[in-house]
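Please find below my comments on the structure, set out as numbered points. They begin with backbone geometry and then turn to a core position and the DNA strands.

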Number of protein chains: 2
Amino acid sequence: MRILVCDDEALIRDVIKEYLLLEHYEVFEASNGLDAIEIVKNKDIDLIVMDIMMPKMDGYQAINEIKKIKDIPFIMLSARGEEFDKLYGFQLGVDDYVTKPFSPKELVARIKAVTKRIQNEGLTFKYKTLVLDDLAHEVKIDDKQVILTPKEYDLLKYFMQNKNIALSRDTILSNIWGYDFFGDERTVDTHVKTLRNNLGKYRDLIITVRGMGYKFEIKENE
Amino acid sequence: MRILVCDDEALIRDVIKEYLLLEHYEVFEASNGLDAIEIVKNKDIDLIVMDIMMPKMDGYQAINEIKKIKDIPFIMLSARGEEFDKLYGFQLGVDDYVTKPFSPKELVARIKAVTKRIQNEGLTFKYKTLVLDDLAHEVKIDDKQVILTPKEYDLLKYFMQNKNIALSRDTILSNIWGYDFFGDERTVDTHVKTLRNNLGKYRDLIITVRGMGYKFEIKENE
DNA sequence: ATATAATATCAAAAAATTATGAAAATTGCA
DNA sequence: TGCAATTTTCATAATTTTTTGATATTATAT
């Protein structure tokens, strides 16, 4: 997974780079939009971390140019207080954004989330006649489509990606709701309930692990 | 899990402490970097919450010194508006940081996230056909799942982690129930009983050490 | 062998956890 | 904006687990 970090401050680039290297990403650096475009042309970049405020060509312009070349996911860095209108007005194609000052861990978590999304893009998860087609974003049982709400869909996908692993409510929350969800843990229970109801004969695949959380359990030899 | 909170403001320390105690962390306090170093030397601290701005020795210096002694995860507290450069120039190895004013809930959530990473997870313990798979949070004997209650599971895991070591009821209680359990020591006996029953042919692995406690004894050469 | 101390067992009470249903809040969209 | 769908919260029911305390059993020293 190759990541391009574009920021005019070398210090920030370095810090981000250090953290990403720890996670075994391949990291490229650019100090301005023009350099970034050059790198995108020559390297097979999977994700770009782009600062908005930069001399010469700002982050928005750079993204515009890059989008013409290749469709790459972006995470934007913005200084606190930068106009949110502009931020929101732009967001076609921006996958996430992070406000400075940010915690390195937060940035890495978001990058991970996006890259994970990329890696699982279009994957299909199956168990017997239960099929989750992520590209079509639909779920079928016995070849018949099952209508799920967005959260139910995310939850099922997360379960299928992590089959046979006991997942705490906390883990589920931070992976599906985001690390910054500070609501009630019981929320998970409710969604498990509705998801189970929608899974019909497969409802028992979601096992309650008392004192722990839930587990999507499938016996491999069937 | 032992946490050291280092901040020159007693009020802030107290608030953090209150919240952490609710989560059953053991909390130590230091009002300056020097004290923090002393505590790290003498107590087995698992995580440090460190304010950056402090008199005498600031948070950065303290971290530098502590890192020489022991590699402990840090969460930094920084006042909003503290120089961005300084913040980023330093914190390789800082696991997260939180900007003041922060919500206690947020801080606790971040602490939880870091401590969770620390704890050994996903391990598998085996003895002959007795297998404890911690990731799946399940126990099997002869490839057949054995249903255990949470306490039984924790107890078995603890035994398997400490095989061939005689463990007093007191030690077992403080490790599985927590240091703040004020109940009867006989409680352990009851759980040992039910665990033995569930272990079937392996029930004799748990040996009673009269006048002392219990021991999970396995002969390595079998 | 017997007394004594420690452990094992048991079942009922207490506590904790999860499931569920419904209301309230939020979000997304026409 | 207002409607419909979704998400979240919250109270209560259902279930499971934990603890307690009484009694039985076992081990040990004399």
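1. Lys128(A) sits in the loop that joins strand 6 (124-127) to strand 7 (130-133) of chain A. In this predicted model, its phi is near 55°, a positive value in a residue that is not glycine. Most residues other than glycine have a negative phi. Lys128(A) is exposed, because 12 other C-beta atoms lie within 10 Å and the limit for an exposed residue is 12 or fewer.

2. In chain B, a positive phi of about 65° occurs at Asn164(B), again not a glycine. The residue belongs to the loop between helix 6 and strand 10 (166-168) of chain B. Asn164(B) is exposed, because 11 other C-beta atoms are found within 10 Å of its own.

3. Is Val40(A) buried or exposed? Val40(A) is buried, because 21 other C-beta atoms lie within 10 Å, and 20 or more suffice for that class. It is part of helix 2 (residues 33-42) of chain A.

4. Which residues does Val40(A) contact, apart from neighbours within four places in sequence? They are Leu4(A), Ile45(A), Ile66(A), Ile69(A), Lys70(A) and Ile72(A). As for Phe28(A), which is 12 residues away along the chain, its C-alpha atom is 9.8 Å from that of Val40(A).

5. Turning to the DNA, 22 residues surround strand D, and those that come nearest are Thr149(A), Gly183(A), Thr149(B), Lys151(B) and Gly183(B). The surface near DNA strand D draws at least two residues from each of four helices: helix 6 (150-161) and helix 8 (186-199) of chain A, and helix 6 (150-161) and helix 8 (186-199) of chain B. Its composition by class is 10 charged, eight polar and four nonpolar residues.

6. Around DNA strand C there are 18 residues, of which Asp189(A), Thr208(A), Asp189(B), Lys193(B) and Thr208(B) come nearest. Helix 8 of chain A and helix 8 of chain B each contribute at least two residues to the surface near this strand. Which element gives the largest share of the surface near DNA strand C? That element is helix 8 of chain B, with six residues. Sorted by class, the surface near DNA strand C comprises nine charged, six polar and three nonpolar residues.

Key
Residues are numbered from 1 along each chain as its sequence is written. Chains are lettered from A and ligands numbered from 1 in the order in which they are written. This is a predicted model: local features need pLDDT of at least 70, side-chain atom pairs count only at pLDDT 80 or more; totals for chains, interfaces and linings use all residues. A residue is near a molecule or strand if its C-beta atom, placed from the backbone, lies within 6 Å of it. Ala, Val, Leu, Ile, Met, Phe, Trp, Tyr, Cys and Pro count as nonpolar, Asp, Glu, Lys and Arg as charged, and the others, Gly among them, as polar. Two residues are in contact if their C-beta atoms, placed from the backbone, lie within 7 Å.
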